[in-house]
Amino acid sequence: LLQDAHNSSVLNNDVLGAFLQSGRVAGLSRPVVIQFWHDIVLDASNATCVFWQPGAGAGSTGHWSREGCETRHREGTVICHCNHLTYFAVLLVPVATLSPAQLASLTYLSTIGCSVSAAATLCTLLLYCFSSTPHPPGSCRRRQRDNTTRIHMNLLAALLLLNSSFLLSTLVAAGAEELCRVTAAMLHATLLCTLAWMAAEAFHLFLLLIKVYNIYIQHYLLKLCLFTWGLPTLAVVAIFLFKGDTYGYLTISTSEGYRNTTMCWLTSQPAHYATLCYAGLILLFNTLVLGRVLMILRRIQRQKGQARKDWATVLGLTCLLGTTWGLAFFSFGVFLIPQLYLFTILNSLQGLFICLWYVTVHRQSKLGSVSNTSR
């Protein structure tokens, strides 16, 4: 009888009724306090104090309402403050979960995408190693070009490690717990390093296009490596040594509980939120830099046919700066399923997109060099 349209459940199946014989009590200046004890882990976003509102008509059964009730959470207790008397309960609204078919398709997409990106990044790194030749000391422009290419290669190396760690995490999840923790820590470290290299790409782009003056930073690439490789790795090692239970088995639930999947990842909510904040700050900075670049491109007097090249540049910069990772902040409500598919496709193939962009730019620069030489 006490059911709603979302098939929500009542905590411990407990419904408490409080009444006075004198009649209906409502609008109390001092709320009534009702406590519901429990021994399960609750999410404060989906455990809410409610009361039963009877239906107005003969055919209406009624519904749960939150009006006049405030929900507070303590360890093992949900405390309801309500300004009226009626039937009270704590309603557990089901969190949106994936169907087994959706989880299987997302798993296939991420596995294929990460595999293709890992192969593409590896081929590009090998191409760079075999095709690059040492240049004699030259102008500042030559040095900036070399630094730009090296930053691209470091980002591709970070993506290669990230894709490999992700593919390994699902395989290792069926093995020993200690090995799973190591794999989860490696996946976390490579994610932080990849995001840091995206920030380095944005910072370097800021120096090249926005700060148009020749700015010389001593040991520039070494300092970037300390920031992008050193700090994230040091943070993950410290977490692993002093709070190893932060990493372990993570179960991704489906609407049918017996068809879940497991991977090695973060098991601590504070660490998860700290990682989201870290990614959010980097993506905010990268988005601001990308927006500034778009403004610069609009101000440039385009020649005929230049617009297509500008849009190709924008798409390439979008991949380099990782702005598509911002889709992770739209995983709620009606956006959940479309966001998961877009996030999986775009970000698992990020390495491939960067490789295609780099090879195209590298080929154009080679053709330009040959043309200038012939002249």
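Trainee: What goes into a patch here?
Mentor: Patches are made of residues with over 30% relative accessible area and no salt bridge, and nonpolar side chains such as Phe are joined within 5 Å. Keep in mind that this is a predicted model.

Trainee: Which residues make the nonpolar surface patch?
Mentor: Phe-329, Phe-330, Phe-332 and Phe-335 make the patch, with an area of about 410 Å².

Trainee: Where is Phe-329 found?
Mentor: Phe-329 is in the loop that runs between helix 6 (306-321) and helix 7 (336-348).

Trainee: And how does Phe-329 count in terms of accessibility?
Mentor: Phe-329 counts as partly exposed because its relative accessibility is 38%. That value is over the 30% needed for a patch.

Trainee: Stepping back, how many helices and strands are there in the protein?
Mentor: The protein has 8 helices and 10 strands. Of its 375 residues, 37% are buried.

Trainee: What about the contacts with a separation of 6 or more?
Mentor: Residues 24 or more positions apart account for 73% of those contacts.

Trainee: And the surface, how much does the protein expose?
Mentor: About 22500 Å² is exposed, and carbon and sulfur atoms supply 63% of that area.

Trainee: Where does UniProt place the feature "transmembrane region"?
Mentor: The unreviewed UniProt entry places that feature at several spans, including residues 108-130 and 186-209.

Trainee: What are those two spans made of in the model, helix or strand?
Mentor: Residues 108-130 are 100% helix and 0% strand, with end C-alpha atoms 33 Å apart. Residues 186-209 are also 100% helix and 0% strand, and their end C-alpha atoms lie 34 Å apart.

Trainee: Changing topic: how many salt bridges does the structure hold?
Mentor: The structure holds 4 salt bridges. Side chains of opposite charge can pair when their charged atoms come close. One of the bridges joins Arg-181 and Glu-178, with the closest N and O atoms 3.5 Å apart.

Trainee: Why are Arg-181 and Glu-178 separated by about one helical turn?
Mentor: Because they are 3 residues apart in helix 3 (residues 177-210).

Trainee: Which residues are linked with them in a network?
Mentor: The network of salt bridges links Glu-177, Glu-178 and Arg-181.

Trainee: What about Arg-72, which residue does its side chain meet?
Mentor: Arg-72 meets Glu-70 in a salt bridge, at 3.2 Å from N to O. Arg-72 is partly exposed, with a relative accessible area of 41%, and Glu-70 is partly exposed with a value of 41%.

Trainee: And Asp-245?
Mentor: The side chain of Asp-245 forms a salt bridge with that of Lys-243, at 4.0 Å from N to O. Asp-245 counts as partly exposed at 47% relative accessibility, and Lys-243 counts as partly exposed at 48%.

Trainee: One more residue: is His-38 buried or exposed?
Mentor: His-38 counts as buried because its relative accessibility is 14%, and the cut-off for buried is under 20%. Its place is in the loop between strand 3 (32-37) and strand 4 (47-53).

Trainee: What is His-38 in contact with?
Mentor: Leaving aside neighbours within four places in sequence, His-38 is in contact with Leu-11, Asn-12, Gly-76, Thr-77 and Val-78.

Trainee: Last thing, what is the mean pLDDT of the protein?
Mentor: The mean pLDDT is 81, and 78% of the residues reach 70 or more. Over residues 369-375 the pLDDT is below 50, and that stretch has 0 contacts in the model beyond near neighbours in sequence.

Key. Residues are numbered from 1 along each chain as its sequence is written. This is a predicted model: local features need pLDDT of at least 70, side-chain atom pairs count only at pLDDT 80 or more; totals for chains, interfaces and linings use all residues. Side-chain values use heavy atoms; hydrogens and water are left out. UniProt positions are given in the numbering used here, feature names are shortened, and annotations may be inferred rather than shown by experiment. Helices (H or I, at least four residues) and strands (E, at least two) are DSSP runs, numbered from the N terminus. Patches are made of residues with over 30% relative accessible area and no salt bridge: like charges are joined within 9 Å, nonpolar side chains (Val, Leu, Ile, Met, Phe, Trp, Tyr) within 5 Å. Accessible areas come from the Shrake-Rupley method with a 1.4 Å probe; for residues, only the protein chains shown count as cover. Buried means under 20% relative accessible area, exposed over 50%, partly exposed in between (1.4 Å probe, protein chains only). pLDDT is the predictor's confidence in each residue, from 0 to 100. Contact means heavy atoms within 4.5 Å.
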